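Biologist: I'm new to this one, so could you take a close look at a single part with me? Start from one side chain and then show me what else is worth finding.

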Amino acid sequence: MMTQTVMMSDYGDDDTGVMTKTRTRTARPPLYKVMLLNDDFTPMEFVVHVLERFFGLNHAQAFEIMLTVHKKGLAVVGIFSHEIAETKVAQVMDAARQNEHPLQCTMERE
């Protein structure tokens, strides 16, 4: 919150009193990184499918992120507000469970 001191004379009054105006700034909500974690059992094609379906990536983008997950152990898939990040994680985890894959998806504050 920011407070600004304004003299009454600023308003055309000759009085020497002090008046304060309060301006409030709305803070931006924190953002969260959604990450996929590598495992040795989930098929690469399934990871590509998840990235295309739940993150709106084209095939080339999804394939590139899948390779990053495979080679580096994890990759950031996107950065979202808390609610959207939670939804994305839940969608990925539900799809993995339904298809009996151990794929893990997590989120952490940026």
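Modeller: Let's start with Lys88, whose side chain reaches the backbone oxygen of Phe54 at 2.6 Å. Before going on: this is a predicted model, where local features need pLDDT of at least 70 and side-chain atom pairs count only at pLDDT 80 or more, while totals for chains, interfaces and linings use all residues. Residues are numbered from 1 along each chain as its sequence is written, and side-chain values use heavy atoms, leaving out hydrogens and water.

Back to Lys88, which you'll find in helix α3, residues 82-98 (helices are DSSP runs of H or I, at least four residues, and strands are runs of E, at least two, numbered from the N terminus). Lys88 is buried, meaning under 20% relative accessible area (exposed is over 50%, partly exposed in between, with a 1.4 Å probe and protein chains only). What sits around Lys88? Beyond its neighbours within four places in sequence, Lys88 is in contact with Phe54, Phe55 and Phe80, contact being heavy atoms within 4.5 Å. So Phe54 turns up twice: its backbone oxygen is what the Lys88 side chain reaches, and Phe54 is also among the contacts of Lys88.

Here's the curious bit: buried as it is, Lys88 has no salt bridge (a side-chain nitrogen of Lys or Arg within 4 Å of a carboxyl oxygen of Asp or Glu). The nearest side chain of opposite charge, Glu83, is 13 Å away; Lys and Arg count as positive here, Asp and Glu as negative, with His and the chain ends not counted.

Where are the salt bridges, then? The count comes to two. One of them joins the side chains of Glu108 and Lys33, with 3.2 Å from N to O. Glu108 belongs to strand β5 and Lys33 to strand β3 (residues 31-37), so this pair ties together parts that are 75 residues apart in sequence. Glu108 itself is partly exposed, at 38% relative accessibility.

Asp94 and Arg97 make a salt bridge too, with their closest N and O atoms 2.8 Å apart. That takes us back to helix α3, where Asp94 and Arg97 are three residues apart, or about one helical turn. Asp94 is partly exposed at 37%, and Arg97 is exposed at 54%.

Just past that helix, look at Glu100, in the loop between α3 and β5 (104-109). Its phi is near 60°, a positive value in a residue other than glycine. Glu100 is exposed, with 73% relative accessible area.

For something quite unlike that, go to Leu36 in strand β3, which is buried with a relative accessible area of 0%. Not counting residues up to four places away in sequence, Leu36 touches a long list, including Val47, Leu51, Val69, Val77, Val92 and Cys105. Leu36 and Leu51 are 15 residues apart along the chain, and their C-alpha atoms are separated by 9.5 Å.

Now zoom out. The chain has three helices and five strands, running β-β-β-α-α-β-α-β from the N terminus on. Buried residues, Lys88 and Leu36 among them, make up 30% of the 110 residues. And if you take contacts between residues at least 6 apart in sequence, 59% join residues at least 24 apart.

Note on methods
Polar contact = N/O pair within 3.5 Å; in protein donor to acceptor, adjacent residues only side chain to side chain.
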